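The report that follows describes one protein model for a reader who works with coordinates. It moves from the overall fold to salt bridges, the pocket and selected residues.

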Amino acid sequence: MTQVAHALSEGWQAFLLLAFGVSTSLVILALGGAGARPLDLLLLAASLGALLTAGIWLWILAARRSFGWGLLFTATALIPYLNFVVASVYARRYWAEGARKPALLALAAIFAQTRCQLCLCQA
């Protein structure tokens, strides 16, 4: 599968943007009354939204690559940490063929999660 084959159509891109926005908004609504500082809440919500978006993006790419990858992503989607392992193996294997962008998004989201946790622990 070439770099062009990994490119997403405008419909999929719009879906990913919508998924990011909806998931970020839902986290803000769910945790808004928890007493966290607004910046920490925004960082937490955006990083969770980015993780969800990166996971969906990698799942779309994997499912388009082969039935086996799509099935593996689907089977491990709700298993904590195992889903990260599967996604990271896929991203590493197909890094140069289009998996770079969602992998970097996931890394940035994990960094933001770590930063948010450090801020919340100090408060």
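A residue is called buried when its relative accessible area is under 20%, exposed when that value is over 50%, and partly exposed in between. Arg65, at 22% relative accessibility, therefore counts as partly exposed. The model described here is a predicted one.

## Overall fold

The secondary structure comes to six helices and zero strands, which gives the pattern α-α-α-α-α-α when the protein is read along its sequence. Taken along the principal axes, the C-alpha atoms fill a box of roughly 45 × 25 × 25 Å. The protein has 123 residues, and 34% of them count as buried.

## Salt bridges

The structure holds two salt bridges, and the table sets out the side chains that meet in each of them, with the distance from N to O.

| Basic residue | Acidic residue | N to O distance |
|---|---|---|
| Arg37 | Asp40 | 3.0 Å |
| Arg65 | Glu97 | 2.4 Å |

The pair of Arg65 and Glu97 ties together parts that are 32 residues apart in sequence, because Arg65 lies in helix 3 whereas Glu97 lies in the loop between helix 5 (82-93) and helix 6 (100-122). Glu97 has a relative accessibility of 27% and so counts as partly exposed, and Arg65, at 22%, likewise counts as partly exposed.

In the other pair, Arg37 is found in the loop between helix 2 (10-31) and helix 3 (38-65). The side chain of Arg37 also makes a polar contact with the side chain of Asp40, at 3.0 Å. Is Asp40, the partner in this pair, buried or exposed? With a relative accessibility of 5%, Asp40 counts as buried, because the cut-off for that class is under 20%. As a further point of reference for Arg37, its C-alpha atom is 29 Å from that of Leu78, and the two residues are 41 residues apart in sequence.

## The largest pocket

About 560 Å³ of space lies in the largest pocket. This pocket is lined by 25 residues, of which Leu51, Ala54, Gly55, Phe84 and Ala87 are the closest to its centre. The elements that give two or more residues to the lining are helix 2, helix 3, helix 4 (67-76), helix 5 and helix 6. Which element gives the most to the lining of the largest pocket? Helix 3 does, with nine residues.

## A nonpolar surface patch

Leu18, Val22, Leu26 and Leu29 form a nonpolar patch on the surface, and together these residues have about 420 Å² of accessible area. One of them, Val22, lies in helix 2. Val22 has a relative accessible area of 42%, so this residue is partly exposed.

## Selected residues and distances

Phe15 also has its place in helix 2, and at 38% relative accessibility Phe15 counts as partly exposed. The C-alpha atoms of Phe15 and Thr53 are separated by 9.4 Å, although the two residues are 38 residues apart along the chain.

Thr114 is found in helix 6, where its relative accessibility of 45% makes it count as partly exposed. Between Thr114 and Leu44 there are 9.4 Å in space, C-alpha to C-alpha, while in sequence the two residues are 70 residues apart.

Trp59 has its place in helix 3 and is partly exposed, with a relative accessible area of 36%. Trp59 and Tyr81 are 22 residues apart in sequence, and their C-alpha atoms are 15 Å apart in space.

Tyr81 itself lies in the loop between helix 4 and helix 5. Its backbone deserves a separate remark. Most residues other than glycine have a negative phi. Tyr81, however, has a positive phi of about 70° although it is not a glycine. Is Tyr81 buried or exposed? Tyr81 has a relative accessible area of 66%, and because the cut-off for the exposed class is over 50%, this residue is exposed.

Terms used. Residues numbered from 1 in each chain as written. Predicted model: local features only at pLDDT ≥ 70, side-chain atom pairs only at ≥ 80, totals over all residues. Heavy atoms only, no water. Helix = DSSP H or I, 4+ residues; strand = E, 2+ residues; numbered from the N terminus. Polar contact = N/O pair within 3.5 Å; in protein donor to acceptor, adjacent residues only side chain to side chain. Salt bridge = Lys/Arg side-chain N within 4 Å of Asp/Glu carboxyl O. Buried < 20%, exposed > 50% of the residue type's maximum accessible area, 1.4 Å probe, protein only. Patch = residues over 30% accessible without salt bridge, like charges linked within 9 Å, V, L, I, M, F, W, Y side chains within 5 Å. Areas by Shrake-Rupley, 256 points an atom, 1.4 Å probe, with all protein chains shown as cover. 1 Å grid on protein atoms, 1.4 Å probe; cavity = no way out; pocket = protein on both sides within 12 Å on 5 of 7 lines; lining within 4 Å. Points joined across faces, edges and corners; volume = space filled by probe spheres on them.
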